[in-house]
Amino acid sequence: MTVLASLTPQKGLRILITAGAGGIGQAIARGYAETGARVHISDIDKAAVQAVTGGAITGSVANAADEIETKALFDEARDRMGGLDVVIANAGVAGPTGSVRDISQAEWDQCLEINLRGAYLAARFGESDLKANKGLFIAMASVAGRLPYAFRTPYAASKWGVVGLAKSLAAELGPDGVRSNAILPGIVKGPRIDKVIQARADQVGVSFEKMREEYLSKVSLRRMVTAEDIAAMCLFLSSPGGSNVSGQAISVCGGVETL
Ligand SMILES: NC(=O)c1ccc[n+]([C@@H]2O[C@H](COP(=O)([O-])OP(=O)(O)OC[C@H]3O[C@@H](n4cnc5c(N)ncnc54)[C@H](O)[C@@H]3O)[C@@H](O)[C@H]2O)c1
């Protein structure tokens, strides 16, 4: 196989992506579908699942933080595709913006439940397929999983946890031929980051534009990344050329220096 050919995933991979009906997850689903993969997505938004599914992409409505719904999701995906080669624990919410003293336990728990428990449940219910197929687990973390992030403590804590989960799984399942990595997106263009920037702008009392400028001033390339940039990294990790990458926390962020 040439090096160039090694950069394409083999056709027919079976992929499960949580929160795949919008944002980054949807871009990943579409990226895999282009390679001839079969993709099963989950999402809590039923209308969004209906809008995204069709052709190579099937879907279920499931809350990534819910044990019973996640088990049912994996059973359905396994039934539809006959097994799983790649599991992407993508579901995650931004959580609250504010001083640790003002963050309620309910807000803290909700962020940790979706971001960290969700990734654990995907690993738990995907483990047997990953072992059987020498598969790949990808956990969607964030650059907030390698940097301190003032006023976003639940989010940062959850994403540092997600990185720990992905690295530990690489060690636990590596002897069975399973790879596990975390991807750490930076500031991804789209409505979600606009909301985060607006929340911080409101907190500090400056305009959205001023806060956006401040966010970008901390990125070496002075620009946002796209959901498709994250999808491209998933495809690389699923390709023969990525077959020796495991236990890593890989930033796709344009060089975020601080948060
Ligand atoms: N957008 C960014 O700038 C950014 C940066 C770094 C990391 N990330 C991470 O990337 C992942 C995807 O982020 P995104 O920006 O695409 O998110 P998003 O807010 O655009 O949401 C994507 C999808 O998640 C679904 N969803 C929300 N809660 C869910 C739940 N409990 N169970 C199932 N589905 C749920 C939504 O319905 C939506 O369709 C997250 O883990 C996020 O933390 C995002």
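**Exercise 1.** Find the element that gives the most residues to the lining of the largest pocket in this predicted model.

*Solution.* Start with the elements that give two or more residues to this lining: H1, strand E2 (38-43), H5 and H6. Now pick the top contributor from that list: H6 gives the most, with six residues.

**Exercise 2.** Describe the largest pocket by its volume, its lining and the classes of its lining residues.

*Solution.* First, the volume: it's about 1,200 Å³. Next, go round the walls, where you'll find 46 lining residues. Gly23, Gly92, Val93, Ala94 and Arg192 are the ones nearest the pocket's centre. Finally, sort the lining by class: 27 residues are nonpolar, twelve are polar and seven are charged.

**Exercise 3.** Work out where the ligand sits and what surrounds it.

*Solution.* Step one is the location: the ligand takes up the space of the largest pocket. For step two, look at which elements give two or more residues to the shell around the ligand: helix H1 (23-34), helix H5 (153-173) and helix H6 (191-204). Step three is the shell itself, with 25 residues around the ligand. Ile24, Asp43, Asn90, Tyr155 and Arg192 come nearest. To finish, split that shell by class, and you get 14 nonpolar, seven polar and four charged residues.

**Exercise 4.** Track down polar contacts of the ligand with Asn90, Gly92 and Tyr155, and say whether backbone or side chain is involved.

*Solution.* You need one cut-off here: a polar contact is a pair of N or O atoms within 3.5 Å. Try Asn90 to begin with: a polar atom of its backbone is 2.8 Å from a ligand oxygen. Then move on to Gly92, where a backbone N or O atom lies 3.4 Å from an oxygen of the ligand. Tyr155 uses its side chain, with a polar atom 2.8 Å from a ligand oxygen. Now step back to the ligand as a whole: on its own it exposes 830 Å², and the protein buries 87% of that.

**Exercise 5.** Give the volume of the second largest pocket, then describe its lining.

*Solution.* Volume comes first again: about 260 Å³. Then check the lining, which is made of 15 residues. Closest to the centre are Gln10, Leu13, Lys134, Arg179 and Ser238. Last, sort the lining by class: five residues are nonpolar, seven are polar and three are charged.

Methods
Residues numbered from 1 in each chain as written. Predicted model: local features only at pLDDT ≥ 70, side-chain atom pairs only at ≥ 80, totals over all residues. Heavy atoms only, no water. Near = heavy atom within 4 Å. Polar contact = N/O pair within 3.5 Å; in protein donor to acceptor, adjacent residues only side chain to side chain. Areas by Shrake-Rupley, 256 points an atom, 1.4 Å probe, with all protein chains shown as cover. 1 Å grid on protein atoms, 1.4 Å probe; cavity = no way out; pocket = protein on both sides within 12 Å on 5 of 7 lines; lining within 4 Å. Sits in = over half its atoms within 2 Å of the grid points. Helix = DSSP H or I, 4+ residues; strand = E, 2+ residues; numbered from the N terminus. Nonpolar A, V, L, I, M, F, W, Y, C, P; charged D, E, K, R; others polar. Points joined across faces, edges and corners; volume = space filled by probe spheres on them.
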